[in-house]
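Visitor: I would like a close look at one part of this model. Please start with a pair of helices and work outwards.

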Amino acid sequence: MADDKSVGTEAEIKAEIKEEKGRIGSGLKQGIEAVKGLYDSYAVTAKHLFRKPITEQYPEEKRKLPARSRARIILTRDPDGQERCVACYLCSGVCPVSCISMQSAEREDGRRYARWFRINFSRCIFCGLCEEACPTLAIQLTPDFEICRRDLLELVYEKEDLLTDSGGKNETYDFYRHAGVSVKGDKGEHIGERPPVNVKTNLP
Amino acid sequence: MWLFGLLVLLIKIAAILAVVFGTAAYLILLERKLLGRLQIRLGPNRVGFGGILQPIADGMKVLLKEDLIPAHADRTIFKFAPAVVASGALLILAVIPLGRPLTVRGHEIPLIITDLNVGLLYVFALSSMSVYGMALGAWASNSKYSLIGGIRGAAQMISYELSLGLSLVPVALMAGSLNLTEIVEAQADYPFILAQPVAFLIFLISAMAEAKRLPFDLPEAENELIGGFHTEYSGMRFALFFVGEYVNMVVLGALVAVFFLGGWHGPWLPGPVWLFLKAMIVPIFMIWTRATLPRLRYDQLMQFGWKILLPVALLNILITGGILVWING
């Protein structure tokens with residue numbers, strides 16, 4: 001028995017044959033699976049050939065954008081038609097690309113306004129942080145995104161370019177009914193103001 | 001008489017070149033449109049009615065582009081390589097039979113540029129040539145992306161060249177000739193695809209690898225290698241690579257038509273029209289495949305070529321040869 005190692009026992013040979021058969025079987029199974037996979041994928045793409053394309057042909061077909069989509073920035077007016085902006089510099093301060101600049105001034109009745117107000121849309125990233133920061137709802141973003149120009153300087157919008165006649169997203173809100181000018185009425189008479197607390201009743 | 005022959009030859013060459021370049025240009029448009037529709041998009045539709053003039057616009061654009069040569073490129077080879085790829089594909093057309101000989105005023109004009117008796121070998125020799133164009137262009141670009149693309153391409157095309165060649169041996173055995181006209185004549189009764197479906201599949205898969213199409217587009221692999229072997233090319237030289245690829249698709253389609261689909265044989269229509277229609281089947285299938293299958297990994301590509309296609313092709317030769325010997329006694 002010189003070659004007993006290479007031949008092995010009968011049981012070992014049987015196990016080997018079985019394993020070999022299994023390997024061929026699994027190979028065949030894999031092959032069938034591959035063909036089925038190919039067939040399925042070709043069928044899927046062929047089916048899509050006869051579907052209606054979902055392309056929107058942009059300049060001809062314009063999708064109506066949601067009111068909250070963020071693009072060109074406007075300055076709105078309050079219900080009385082006065083500028084809402086009080087030139088508080090909050091938008092300019094929060095702007096991550098520093099594209100908003102202004103000069104504040106004060107009217108004779110003590111109401112603040114922007115002497116000039118400038119947004120450089122070539123820098124604006126339309127993040128909407130200015131809108132979030134604005135205490136008077138003056139600065140708002142609109143869905144109008146078609147503002148590209150050949151000359152970069154044409155993208156610098158001055159106050160008169162930014163101002164609109166509407167109240168934007170909230171027509172009724174008026175900041176000056178709540179705060180911002182010297183007190184007109186008595187304590188507790190302003191909108192949203194609770195009557196003053198009588199401190200003496202708080203005593204134990 | 002001598003002049004007449006030359007004139008006929010020139011007319012034939014001009015006609016074939018015009019048809020093939022036109023087909024290749026419009027194949028690019030067809031690919032973009034069809035691929036778009038397969039991906040439920042529209043594809044190009046701005047230039048002309050439904051985008052019909054797109055190839056002309058593309059051609060104008062590519063002609064007006066700057067012809068850039070990288071600073072450390074091997075200039076001679078760099079300039080030369082795209083021509084090798086394109087001319088290799090075009091020269092195969094010389095041996096493709098378009099139809100039965102025409103008879104004009106008593107002169108018999110064969111509808112083939114040159115009826116080589118070793119046409120099959122000529123086809124293999126030229127289809128190997130495009131590897132040189134690609135690998136040399138990649139090497140001469142002196143860029144890592146090009147080089148990786150070129151090496152991948154060389155390895156891939158050498159591997160698949162083998163099964164491409166071996167898959168046609170049964171066809172040559174059945175036709176009893178290496179002459180393409182005689183191979184087509186042998187299919188007068190039935191196309192060889194019915195007798196040799198395995199050889200047809202192997203040839204089709206290898207042809208996709210030869211044409212560097214998905215799922216075998218590793219030499220180009222846009223998202224791995226930018227542009228692969230043609231990364232550094234621009235302008236007309238890039239266009240030559242690009243058009244060469246599409247001409248190659250048309251040529252491979254014509255070869256499939258000649259070897260497996262019965263060439264010019266077909267009812268009603270004239271021979272060249274049948275050949276053209278049959279030759280368009282493979283490019284359209286390649287476009288469909290491009291929309292369907294993802295790219296193979298490099299090791300999968302090699303494994304598939306050497307461990308599956310090559311043994312199956314050899315087995316096919318053995319079985320075909322055995323059956324032919326048995327039948328012919």
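Visitor: Does α8(B) pass α10(B) in a left-handed or a right-handed crossing?

Guide: The crossing of α8(B) over α10(B) is right-handed (the near helix is turned clockwise from the far one by less than a right angle; anticlockwise would be left-handed). This is a predicted model, where local features need pLDDT of at least 70 and side-chain atom pairs 80 or more, while totals for chains, interfaces and linings use all residues. Residues count from 1 along each chain as its sequence is written, and chains are lettered from A, ligands numbered from 1, in the order written.

Now the pair itself. Helix α8 of chain B covers residues 197-210 (helices are DSSP runs of H or I, at least four residues, and strands runs of E, at least two, numbered from the N terminus). Helix α10 of chain B covers residues 235-259. The axes of α8(B) and α10(B) come within 11 Å and cross at roughly 165° (lines fitted to C-alpha atoms over the stretch in contact; angles run from 0 to 180 degrees between N-to-C directions). α8(B) is therefore roughly antiparallel to α10(B) (over 145 degrees; under 35 is roughly parallel, 65 to 115 roughly perpendicular, the rest oblique).

Which residues meet? From α8(B) come B:Phe203, B:Leu204, B:Ala207 and B:Glu210. From α10(B) come B:Leu252, B:Val256 and B:Phe259 (contact: C-beta atoms, placed from the backbone, within 7 Å). By class, this contact has six nonpolar residues, no polar ones and one charged (Ala, Val, Leu, Ile, Met, Phe, Trp, Tyr, Cys and Pro are nonpolar; Asp, Glu, Lys and Arg charged; the others, with Gly, polar).

Some of these names return in the largest nonpolar core. That core has 83 residues (buried Ala, Val, Leu, Ile, Met, Phe, Trp, Tyr and Cys joined through C-beta atoms within 7 Å; buried means 20 or more other C-beta atoms within 10 Å, exposed 12 or fewer, partly exposed in between). B:Phe203, B:Val247, B:Val250, B:Val256 and B:Phe259 have the most contacts inside it. Helix α10(B) gives the largest share of this core, 15 residues. Take B:Val247. Leaving out residues up to four places away in sequence, B:Val247 touches B:Val20, B:Ala24, B:Ala86, B:Ala89 and B:Leu90. Apart from this core lies another one, of 21 residues, including A:Phe117, A:Ala138, A:Leu141 and A:Tyr157.

Compare a second helix pair in chain B. Helix α5 (residues 144-175) and helix α13 (residues 298-328) of chain B pack at about 15°, with axes 9 Å apart. So α5(B) and α13(B) are roughly parallel. Their crossing is left-handed. In this contact, 17 residues are nonpolar, eight polar and one charged.

What about the two chains? Nine residues of chain A are in contact with nine residues of chain B. On the side of chain A, four are nonpolar, four polar and one charged.

Last, the backbone. B:Ile40 has a positive phi of about 40°, yet is not a glycine. B:Ile40 sits in the loop between α1 (2-38) and α2 (54-64) of chain B. B:Ile40 is partly exposed, because 14 other C-beta atoms lie within 10 Å. In chain A, phi of A:Phe126 is positive too, near 55°. A:Phe126 is in the loop between β3 (112-120) and α4 (129-133) of chain A. A:Phe126 has 14 C-beta neighbours inside 10 Å, so it counts as partly exposed.

How values were computed. Two residues are in contact if their C-beta atoms, placed from the backbone, lie within 7 Å.
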